[in-house]
Structure formats: C-alpha cells, structure tokens
Amino acid sequence: MCNLLLSWLKLSGYEEREREKLSANPSPSVATPSPASPSHINSPTSPSVSELERSISDNERGSFSLSNDSSSELRRSNSNQSNHPSNETSQKNNTSQNLNGTPDLSTSRVDHLVPSFLKTLVMKQFDPKKADTVFSNVDSTPEWLERMISSSSWRRLLYELSEEHKNCLMLNFAIQRISEAGYQTEIASLSTASTYYSVFNRVFCDTLLNLSIHTNNEDQFQEYLNDLKKLCCHSPHTYLYAQSTLLAIMKKVDAPYLKRTSQELEACVASKGFLARKVGFLLSNTVAYPQVHSCLSCILSEQSINPGDIIQLYNLYSEGKSKPPVDLLRIPELVELFIQALFTPSQPVNESHKHKYLYLLAYIASVPSNIHSPSSSSSSSSSSSSSSSSSSSSNNNNNNSNKNKNRNTNKKKKFHHNDQNLLNKQDMIEETSEEEDEEDEEEEREREKEREKKIEKKLEEVVEALREAQSICHKNSFGSELQISAQTLKQYIKYPIVCMGVLHWIRVNLTDPSYYDTSHNTLCTPIHLSLLREISALHPLLQLKSLQILVSCFEMESELNALAVLEFKRTLVDNVLYLLQCGCVIPVLRQFQKWSPQIDQSLIRYFLNKLFGMIGGNYSLIFIREMIKILAFTNPDTRLNPDSKLLLSNFLDECLSHQHELTESEIKIISQLRTTTV
C-alpha cells in the first residue's frame, strides 16, 4: 500500500521541490517539529521520496513499529543523512534500529499511521499538472491506480483530491473508473460526479434505485436524497436532465417517491431563484392551464395567499366536470402557505373565504391524481375497441364474401342457401358483440360513478375534519377546555393534512417564549406534547417535523428559573426518546450529538440511562458511530445507574467487534470509555 502512495509522491513533484529547497539552503538548521503538527510537511527536515522508500523497504523485512519518539528520530536521521552523505549507511541502520526497537505499537496501528502520514503528504504536495502526464506516458490504466480503486481508504483519498482539484484529468479519469467499478454510492455526493455524462447517469440511476429500496426508511431515504440534490443541482444541465427523466418515469410508473424527489430538487434550486419554479411549471404542463398558472405564479412569487387567487382557483376546481389536474396544486410551498393562513392562532381568517381555503386544502390532500382521466380514457378505449372490432368484423366479412365469390362463381346457385345462413350467423355475432360492448361501457360508467361518489365523500370528510381542527387551533383555548378540545383533535389526526395543521399550531405555541409567562399555559404544555406523540406514532413521515419542533423548544431562550428550565428540557428529552422508539433513530442521535458539548451533564446522564434501557444487541455500524460521538462528550464522572453501566459495557464490547470498520479516533474513545466504566 505504501508503494502506491510513493508513486503518487513522485507524480506530485514532491521530491523535486524538496531538492530545490535544499539547494537554496545548503546548510539548513535541523528542527524537530511535533509529530502532531502538520508544519513538518513543508520543513527542510521532511523525508524525501527515496528516503521513505529505503525506510519502508527496510522495515517491510522486519517488524515495523513506529511511535512519536521514533518518528522524530526518523526525521532527524533523514535530515542528517541528506547533509552527510558519507554516513548514509550508518544513519540507515540507526533508522532501522529505531523503527524496530519500539514495542509499544502494534502492526495494525503502524499500518494506519504510515499511510495516514503519506496521505497527508499527498494532499499537501499534489501537483495536478504532473499527475496529468500519466495519460501521455501510458496506453492503459496504470496497475497502481487499479489497486488504489480496489481499496476503500485510497478511494477516499481520490475523492478528497478530486474535490480540491476539479480540473485534473487524471483524477476525473479515476472517478470514471471508480464509477465503472460499481462504487456509485460513494461518489454520489461528489461535485465531480456531475462532470461526465456517463458517470452522472450511472450515479443518478443508482441513487434512484436506492431511493426506491428505502422508501420505508426515512433516515436512509433522506441521506440518498441529499446526495441526489448535490448531484443534480450542480448545474442547470444536470437539473433539467434529472427533472425530465423523473417526469418521463412518472408518466409510466405510479411511484409517489419520484414526485417527492422531483419536488425536493425543485425546492433546492428554487431557493436560489424563481427561475426554477418557471421551469417546473413548464415541465409539469401547468402553462397549459393559463388561469391556474397565473394564480400559482402570483401566490408563490409573493409568498402570501391572495383572496382573489383563492376564489379563482376554487371556481376552477369546484365547478364543472373538466377540472384541471390536482397535481398542479400539489406544491409543498403552497400547502405550507395554506396551513399558515388557517392554523396560526394570531392570524385572522376571512370567514366568507374560509370554506374556499379549507376546500382547496382538502382537495389537494384527498383527491387522487387525474392527469389521465379514467372516465375519458376508459370510454375512449371502449369505443375504440368496439369500433375496431366492428371494422375488423366487417373487413373479415367482406374478405370472406370476396373469397367465396371468387371461388364459387360456378356454384353460386347451389350454395346460395348456405351462404345466406352464414351471413345471418355473422350478423348475429356482431349484434351480440355490440351488446356486450354496450354492457361493458355501462358497467364502466357505473364504476366511475361509484368512484366519484367515494372521492366526493372523502373530500367532504377531510373538509369537515379541517374545519373542526382549524376552529380549535384558532381559538387556542387552555385549561380544561383544551383537554376536551384535545380529545376532539385526536379523532381527526388520522388525516395527515390535519396533523400538519396541528403541528404548526403546536410549534407556534411552544416556541413562543411569552407563552410560558402564565402558569395556565405552562400546564397546557403536556397536552401539546401528547398530541405530538400521537401524531408521530401514526404518521412516520411527520416524525422529522415533530423532532424539529422539539429541537426548537429545547434551544429556545426562556425567562423561567433554572430548575424549571432543566425540568422542561428533561420532559423534551423524554419526547425525543419517544421518537427514537417510533423509529426515528439516527436523526435523534445526531441531534443529541449536537447538543452534547453544550448541555448540562445531568441531561446527558438522563438520556443515556433511558436510552440503554431501550436498545438491545446487534447494533448497526452507523448506530455505533453516532453513539460514540455522543459518548465522547460524556464526563468520566457522569454517574450512570448500575444497569446502564452494564449495558454500556456490553455495548462497548460489541463496538470492538467492529473495530476493523472504525477509525483510530473512534477506537481510542472506546478504549477510554472501557477504562472508566470498569
């Protein structure tokens, strides 16, 4: 492995630069910087490539262990060796003795230290122009590059270099080879993955496949979605290609996650300018409906709902049979504006227009997509099939009659009676088929009527649920009245759109510092949190929104006394842990990891005691890593209860079984924790 990076050092021109430094300063002062400081990379005492080759070749034949003291000796010996060539043999032997005479470090640790040191040199001294000469000197992919691609640690080095040197031809070629080798998931978040079409298309398709696999795992889905945003929003060309591809797939496949992906990409680009919204209108064919397009453009550009636009949209979607497609209204920003207008307690709602707001919001949430009208398609298909069958039968009849006429000209009188019977049978078959087609059409019309009735009934139910929930939230009662209202709200939280409105109401109340000025409101907080837990258990896709509310409450500045604030935060931790029980595991751990350096140790102890009482064995690697980050901020004096200490010890033991997949710093944290818990 070390020989691979030595080749890279030669490509980067490191040795030539060191020779130039030595020729400019023939008698440099010997300095021994700290091994932990990266300044020794550019110092005159840095080892040359040839010296590193000699040291590595000597130590590959023996046991190779390296400590901080011995690494300093290595730099001194290399420096003296460069100034006194006559002592090269003795200095080389001294270096070998220093390397072999330190029994403190294991071979595995040395295998980590030496490549890490060499990677630091490569990142510091890499020369993209010299690296590009690889293409002019070889006819095929170098063997050392193939070996680097097969190693995960060296691939990470290539990724870091490609992000820093985006115009390096050799690194771009390496990214293409990595993509061809099947590591598309690793390069999905790289900006260089969008440079070449073949690489972009391969990574794009692989990420879409991963999204389809993890539709029921919100954590993994969000990670792949973030990678896709970085990949597709790199340039206008990649964005248009991605959106056009998604639109083409959605026309053939009914996959809601693709619609969500398209909307997430549009929102990501729309934050940089309104042009993305115009492109979205073109791709979704909104421009084919001028009135809808005009209303939506006005609302989204002003980020506020105008009653005039609402009236116009209401008339379009409530009157007549030829209504515009509901997908034109399914824009997350538009839904959020409706919810803010209806469920913000302090914001008045015009009673004469409130029904229109509720109707449009319920229509967006409950009516199925009707881009292709089932009635029209079915009737057209049935009519086309009947016409085709009649035409085909008539053609067959004509063909048969012509054939019979040509073949039986001499026997016309003899078989005239039989031909007449045959024609009568043909007419009977045609009449029967036409009757059957008419019956099929009638059945299809009946099914369509039943379907429309169900849609209308569901729409009325959602409108009524929104009306009841909006009335309660806008009234914003407290005390015993709120307890009664909460029971009413729990009857309607089976509808996701109602839950979104209730969550907005909870956020407005609990994130307002003035809400806690009176004891009446403070006593109402458990009711709000109870509703939040109910919603999180029923609707997994709203768990992240619930977590964001709890995070905002936890980080809010309050004028309550210190003990009351600590007790309130402990209550919030309980609710955060409830989300973890519901399946929102990794986002909860990552959020608590952000809190760990700045919150009271008693809250960390409380969180860990509760957490270890919930979890079991067979931990995933990502769970282990997130837990290690939290435990790294734990004070050694933090007192866990005996059961939690035992569970922590078992957890650390299982972590060590994954040490070949952990970094050096993570293993060090585990070792320190094992020492303090024993």
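A salt bridge is taken here as a side-chain nitrogen of Lys or Arg within 4 Å of a carboxyl oxygen of Asp or Glu. By this criterion, the side chains of Glu-351 and Lys-354 form a salt bridge, with N and O 3.5 Å apart. The structure is a predicted model, and it holds 18 salt bridges.

Confidence was considered before the details of the fold. The mean pLDDT of the chain is 74, and 68% of the residues reach 70 or more. Over residues 27-103, however, the pLDDT is below 50, although this stretch has 104 contacts in the model beyond near neighbours in sequence. Residues 371-394 likewise stay under a pLDDT of 50, and the model has 12 contacts for them beyond four places in sequence. Where pLDDT is low, the predicted coordinates should not be read in detail.

The pair formed by Glu-351 and Lys-354 lies in helix H21, which comprises residues 351-366. Because the two residues are 3 apart in this helix, about one helical turn separates them. An α-helix has 3.6 residues a turn, so residues three or four places apart point the same way. The two partners differ in their surroundings: Glu-351 is exposed, with a relative accessible area of 57%, whereas Lys-354, at 15% relative accessibility, counts as buried.

A second pair with this spacing occurs in helix H23, which runs over residues 416-475. Here Glu-464 forms a salt bridge with Arg-467, and the closest N and O atoms are 3.2 Å apart. The two residues are 3 positions apart in H23, about one turn of the helix. Glu-464 is partly exposed, with a relative accessible area of 35%, and Arg-467 is also partly exposed, with a value of 27%. Elsewhere, salt bridges that share partners join Glu-218, Lys-229, Arg-260 and Glu-264 into one network.

Asp-327 forms a further salt bridge, with Arg-330, in which the closest N and O atoms are 3.2 Å apart. Both Asp-327 and Arg-330 are buried. Side chains of opposite charge can pair when their charged atoms come close.

The region around helices H18 and H19 was examined next. Helix H18 covers residues 290-302, and its 13 residues should span 18 Å at 1.5 Å a residue. The end C-alpha atoms of H18 are 18 Å apart, in agreement with this expectation. Within H18, the buried residues are Val-292, Cys-295, Leu-296, Ser-297, Ile-299 and Leu-300. The packing partners of these buried residues are helix H17 (275-283), helix H19 (307-318) and helix H20 (332-343).

Helix H19 has 12 residues and reaches 16 Å from its first C-alpha to its last, close to the 16 Å expected at 1.5 Å a residue. In H19, burial is found for Asp-309, Ile-310, Leu-313, Tyr-314, Leu-316 and Tyr-317. These residues cover an arc of only 165° around the axis, which means that they lie on the same side of H19. The buried residues of H19 pack against H18, H20 and H21; H18 in turn packs against H19 through its own buried residues.

The segments that adjoin these helices include residues with positive phi. Asn-285, in the loop between H17 and H18, has a phi near 65°, a positive value in a residue other than glycine. Asn-285 is partly exposed, with a relative accessible area of 42%. Gln-303 follows H18 and is placed in the loop between H18 and H19. The phi of Gln-303 is near 55°, again a positive value in a residue other than glycine, and Gln-303 is partly exposed, with a relative accessible area of 42%. After H19 comes Gly-320, whose phi is positive and near 80°.

Finally, the cysteine residues were considered. A search of the whole structure finds 0 disulfides. Cys-584 is accordingly in no disulfide, and the nearest cysteine sulfur, that of Cys-582, is 8.8 Å away. Cys-584 counts as buried because its relative accessibility is 3%. Cys-553 likewise counts as buried, at 2% relative accessibility.

Notes
Residues numbered from 1 in each chain as written. Heavy atoms only, no water. Disulfide = S-S within 2.5 Å. Buried < 20%, exposed > 50% of the residue type's maximum accessible area, 1.4 Å probe, protein only. Helix = DSSP H or I, 4+ residues; strand = E, 2+ residues; numbered from the N terminus. Expected span 1.5 Å × (residues − 1). Contact = heavy atoms within 4.5 Å. Arc of directions from axis to C-beta. pLDDT = per-residue confidence, 0-100.
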